[in-house]
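User: Please take a close look at the surroundings of the bound ligand. I would like a connected account of that site, set in the context of the whole protein.

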Amino acid sequence: MSKDHNQVWKNCLEVIKDNVSHQAFKTWFEPIQPIKIENEVLTIQVPSQFFYEWLEEHYVTLLRKTIKRELGANGRLEYSIIMENNVTNSNPYTVKVPTTNRTAVKNKAVQVPMSAHETPIKNPFIIPGLKKVNVDSNLNPNYSFEHFIEGDCNRLARSAGFAVANKPGGTAFNPLLIYGGVGLGKTHLAHAIGIEIKNKSPEKTVLYVSSEKFTHQFIDAVKNNDVNDFSHFYQMMDVLIIDDVQFFAGKEKTQDVFFHIFNHLHQTGKQIVLTSDKPPVEMQGMEQRLLSRFKWGLSADLQVPSLETRIAILEKKMYADGIELPREVVEYLAYSITTNIRELEGALISLIAQSSLNKKSITLDLAKKMIDKFVKNTAREVSIDYIQKVVCDYFDLPIELLKSKTRKREIVQARQIAMYFAKKMTKSSLANIGLHCGGKDHATVLHACRTVNNLAETDKHFRKYLEDLEKKLSIQ
Ligand code: ADP
Ligand code: MG
């Protein structure tokens, strides 16, 4: 008999609770979600990379012991991390962290993003028979309306979401499309709608799914010849919530099957909730007939929150976690991080972690130091000088040569690589990059970038250099 992951994790928490302070427990263990158990491996989901590192740094022994106690000597733990600080990719990725032999795995494993292909997706499709089936809604209870702060930035989307939640399928907002930039609360609001519906009408079948998961399930269904089951499964929903539909772009077959599911649900008065990083008019690679359906209901945007809303969000979060911070610190955080609520929360967590690590109280000074580091890290802005230094260190060349006009082969190549990264990672103009790299003009920089790209395609070793350097440049 395989064990139930929720129960196992609950048992672990009982032990952990007795071994850490109340605040540490609230901050570091309550947000963890158990995901599954397979072959004596318990997978838990943590909100960020930072979170994972913190747990590993401070609680690995405790975790290891409790896991073994629950799962036996071969018991292991794996983390699924929700990506942060990365604008283009919000997939969770999994790092395998065995409860033994930790050092050998730690640093290496963290860098392996998990493509959704590797997620074992079981065939979840049940052919609807006469009886109602129980579908796991995939909703995160933390993402409720109660935890969602209202502000001018989200008023329309929030109230439309609330209206939909009160009368799924029965308002003009069908589909409800929530759109907005990264970290502004699309996923949170989408979950909130689902949670509210489930609270009010537990008998309704509600499903939250990311567009990527939907796509991969579909691909699997095609492989296994059960596209019909797949479609039936989705057509059975009373409320279907699909997150980040922009990822359907360019995937014609997926769009096609979704189109039919959409029509079926819409015609039978079922509610559809979608999120996207842009409004329908700006979506590219999407079939016209699908776009026109997206526009049937209401498209509501989430904007960047005002200072007051940012402060309110921080306060709510602190309250939920049982943390108190001086007002000036909260204001400083809210002043410094303006465009992404996920980063704002990340900064708060880092600050708490810093202070508990160094046993210092959280002062404005500590906040300033931390923000300097944090904001720099998340923005990933590096200077041309820094790139040159990293490249020269890597190839063991004196930096003056790189900046000089010399045409020695290995210098030329290092210089081209520096130009390539400068173009990729800074906002400098081509002319400015050229100026920094031996007084070249913009055409030379363009040529350098092309050369580097060509070499990267054809030369394995060269590609390795670039990958190494890219890693070094990303971790400041
Ligand atoms: P998106 O899906 O738009 O990238 P998320 O929904 O994942 O953004 O939100 C990022 C983080 O910010 C989440 O932890 C979420 O709980 C929090 N958040 C976003 N908007 C709000 C809000 N209005 N009130 C409270 N927390 C919020
Ligand atoms: Mg999201």
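Analyst: The account below begins with the basis of the values, then turns to the ligand site and ends with one loop residue.

This is a predicted model, in which local features need pLDDT of at least 70 and side-chain atom pairs count only at pLDDT 80 or more, while totals for chains, interfaces and linings use all residues. Residues are numbered from 1 along each chain as its sequence is written, chains are lettered from A and ligands numbered from 1 in the order in which they are written, and side-chain values use heavy atoms, with hydrogens and water left out.

The protein contains 20 helices and 9 strands; these are DSSP runs numbered from the N terminus, helices (H or I) having at least four residues and strands (E) at least two. Of its 476 residues, 46% are buried, that is, under 20% relative accessible area with a 1.4 Å probe and protein chains only.

Around ligand 1 there are 17 residues, and the closest are Gly183, Thr187, His188, Arg342 and Glu345; a residue is near the ligand if one of its heavy atoms lies within 4 Å of it. By class, this shell has 7 nonpolar, 7 polar and 3 charged residues, where Ala, Val, Leu, Ile, Met, Phe, Trp, Tyr, Cys and Pro count as nonpolar, Asp, Glu, Lys and Arg as charged, and the others, Gly among them, as polar. Helix H6 (186–200) and helix H13 (341–358) each supply at least two residues of the shell. At the level of domains, whose bounds come from an automatic or database assignment, domain 2 (110–302) and domain 3 (307–374) each provide at least three shell residues.

Several polar contacts (pairs of N or O atoms within 3.5 Å) join protein and ligand. A polar side-chain atom of Lys186 lies 2.8 Å from an oxygen atom of ligand 1, and an N or O atom in the side chain of Thr187 is 2.7 Å from an oxygen atom of the ligand. Ile149 takes part through its backbone, with an N or O atom 2.8 Å from a nitrogen atom of ligand 1. The protein covers 92% of the 550 Å² of accessible area that ligand 1 has on its own, as computed by the Shrake-Rupley method with a 1.4 Å probe.

Gln246 is the loop residue, placed between strand E7 (239–243) and helix H9 (252–267). Gln246 counts as buried because its relative accessibility is 13%. Its side chain reaches the backbone nitrogen of Asp277 at 3.1 Å.

Notes:
Buried means under 20% relative accessible area, exposed over 50%, partly exposed in between (1.4 Å probe, protein chains only). A polar contact is a pair of N or O atoms within 3.5 Å; within protein, one must be able to donate a hydrogen and the other to accept it, and residues adjacent in sequence count only if both atoms are side-chain atoms.
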